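Look at the sequence and the fold together before reading on. The paragraphs below start with the aromatic rings and then move outward to the chain as a whole.

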Amino acid sequence: MKIFVSTGEVSGDLHLSYLVKEARELNKNVEFFGVAGKHSKSVGVNIIQDIDELAIMGFAEAIKKYSYLKKKAEEYLEFIKKENIKKVIMVDYGGFNLKFLELLKKEIKDIEVYYYIPPKLWIWGEKRIDKLKLADHIMVIFPWEIDFYKKHGVEAIYYGNPFTERYQSIERTGDKILLLPGSRKQEIKSLMPDFIELIRRNPEEKYLLKLSSKDHLKWIDEDVYIYKNLEISYDLSLNKGVKESKIAIAASGTVTLELALLGIPTIVVYKTSFINYFIAKYILKVGFVSLPNLTLNEEVFPELLQKKCTPDEIDKSIKTVLENLNSVQEKIQRIREKLSGVDITKKYAEFLLKGRDDGKN
């Protein structure tokens, strides 16, 4: 059996790698090909396009790369036809995958498409639901998505969130403030000035800045090495960073859920360009942007977005969170309970392999 995969971001690649690993343990003969990154490659996916070359963030950036991505979609389609692949799994990356889904269904009538971790239509607007309905199977990782899709006449599959199987609460022994500005240029350039001001004004605090690559230093306008109360790491695991810290400040994204499951209180921060923010105002209809807060539909982690993302507000939020630590920790535990399940990733893998014809396709 050959399966084509399509994802475009690190978080999607990570989730895909879990799924592929389980699927290959269940069926030694299954082969995976497609668009993914280092995590999926490490578990046996044959990469025809590395996601590092697709790094896009926000609406304006996606528009600039539209013609490039359209060309890529056509290349993937030809590969699928040439290899006679009849099963495709898409992971997140809605800006590209929904268009790719349309193209696939138009060109290959008997293709079977699984959409794992579909785009957050309950945040970004429900108009794209008709495109998503083209998928044969929708597999979600948050419980509230079941009701959302049911409302639109779509049966979604949910077994739990795979991160609950991979992240356990860590006993924290350090007193550092963990800084996670993200991995994309726009995130780092927008957040680091506030982080640096925070470091400058609190010389008595110890900060740990986690960057995913030393190359990302070039996106920081100031020499960060001059600050004696700042430690910078490029290969530190998230687990170790959490163990050494009392609180985290993180760019909004999947990492906020990882931090919640690791048990560390977190301040969620985010800034983006005007055009992206103008469109993203639709987020306000769901109240929160971070996954921990959405999971409980209440504030677990303070969210400091756009103009609220300032050193003053971050300082205030840190103080508030640390003063109410027991309450925050209780909410963090409830997040794990709400997202947990049994053999979560294995069940998703079994569903993927079974297919519409009980595994005979």
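In this predicted model, the structure holds 15 aromatic pairs. One of them joins phenylalanine 4 and phenylalanine 100, whose ring centres are 6.1 Å apart. The planes of these two rings meet at 65 degrees; because an angle over 60 degrees counts as edge-to-face, the pair is given that name. Where along the chain do the two partners lie? Phenylalanine 4 belongs to strand 1, residues 2-6, and phenylalanine 100 to helix 5, residues 94-107. They are 96 residues apart, so the pair links distant parts of the chain. Are the two residues buried or exposed? Phenylalanine 4 has 0% relative accessibility and therefore counts as buried. Phenylalanine 100 also has 0% and is buried for that reason.

A second edge-to-face pair is made by tyrosine 18 and phenylalanine 163. Here the centres are 6.2 Å apart and the planes are at 75 degrees. Tyrosine 18 sits in helix 1 (residues 10-26), while phenylalanine 163 sits in helix 9 (residues 163-166). The partners are 145 residues apart in sequence, so this pair ties together separate parts of the chain. Both tyrosine 18 and phenylalanine 163 are buried.

Aromatic residues can also be followed as a group. Phe4 and Phe100 belong to one aromatic cluster together with Phe33, Tyr76, Phe79, Tyr93 and Phe96. Tyrosine 93, a member of this cluster, is found in the loop between strand 4 and helix 5. Its relative accessibility is 8%, and because residues under 20% are classed as buried, tyrosine 93 counts as buried.

Tyrosine 93 deserves a second look for its backbone. Most residues other than glycine have a negative phi. The phi of tyrosine 93, however, is positive, near 55 degrees. Asparagine 84 is another residue other than glycine with a positive phi, again near 55 degrees. Where is asparagine 84? It lies in the loop that runs between helix 4 (66-82) and strand 4 (87-91).

A positive phi also occurs at a glycine. Glycine 263 comes just after helix 12 and has a phi of about 90 degrees. Helix 12 itself covers residues 254-262. How many of its nine residues are buried? Seven are, so the helix is largely enclosed by the rest of the structure. The buried residues of helix 12 are Thr256, Leu257, Glu258, Leu259, Ala260, Leu261 and Leu262.

Two further residues show how position in sequence and position in space can be compared. Arginine 201 is part of helix 10, residues 185-201. With 34% relative accessibility, arginine 201 counts as partly exposed, because that class runs from the 20% limit for buried to the 50% limit for exposed. Arginine 201 and aspartate 315 are 114 residues apart along the chain, yet their C-alpha atoms are separated by 10.0 Å. Which residues does arginine 201 touch, not counting those up to four places away in sequence? They are Pro311, Asp312 and Asp315.

Isoleucine 47 is in strand 3, residues 46-50. Its relative accessibility of 27% is the reason why isoleucine 47 counts as partly exposed. Isoleucine 47 and serine 212 are 165 residues apart in sequence, and 21 Å lie between their C-alpha atoms. When neighbours within four places in sequence are left aside, isoleucine 47 is in contact with Gly34, Ala36, Gly37 and Lys41.

Now consider the whole chain. Its secondary structure comes to 17 helices and 13 strands. Among contacts with a separation of 6 or more, 68% are between residues 24 or more positions apart. How does the overall size fit the chain length? A compact globule of 361 residues would have a radius of gyration near 21 Å, and the protein chain agrees because its own value is 21 Å. Along the principal axes, the C-alpha atoms fill a box of roughly 65 × 40 × 40 Å.

What share of the 361 residues is buried? The figure is 54%. The chain exposes about 16,900 Å², and 51% of that area is supplied by carbon and sulfur atoms. As for charge, there are 58 positive and 53 negative charges, and the mean positions of the two sets are 3 Å apart.

Key
Residues are numbered from 1 along each chain as its sequence is written. This is a predicted model: local features need pLDDT of at least 70, side-chain atom pairs count only at pLDDT 80 or more; totals for chains, interfaces and linings use all residues. Side-chain values use heavy atoms; hydrogens and water are left out. Helices (H or I, at least four residues) and strands (E, at least two) are DSSP runs, numbered from the N terminus. The radius of gyration is taken over C-alpha atoms; the globule rule is 2.2 Å times the number of residues to the power 0.38. Buried means under 20% relative accessible area, exposed over 50%, partly exposed in between (1.4 Å probe, protein chains only). Contact means heavy atoms within 4.5 Å. Accessible areas come from the Shrake-Rupley method with a 1.4 Å probe; for residues, only the protein chains shown count as cover. Lys and Arg count as positive and Asp and Glu as negative; His and the chain ends are not counted. The place of a charge is taken as NZ of Lys, CZ of Arg, CG of Asp or CD of Glu. Rings of Phe, Tyr and Trp (its six-membered ring) pair if their centres lie within 6.5 Å; planes under 30 degrees apart count as stacked, over 60 as edge-to-face and the rest as tilted.
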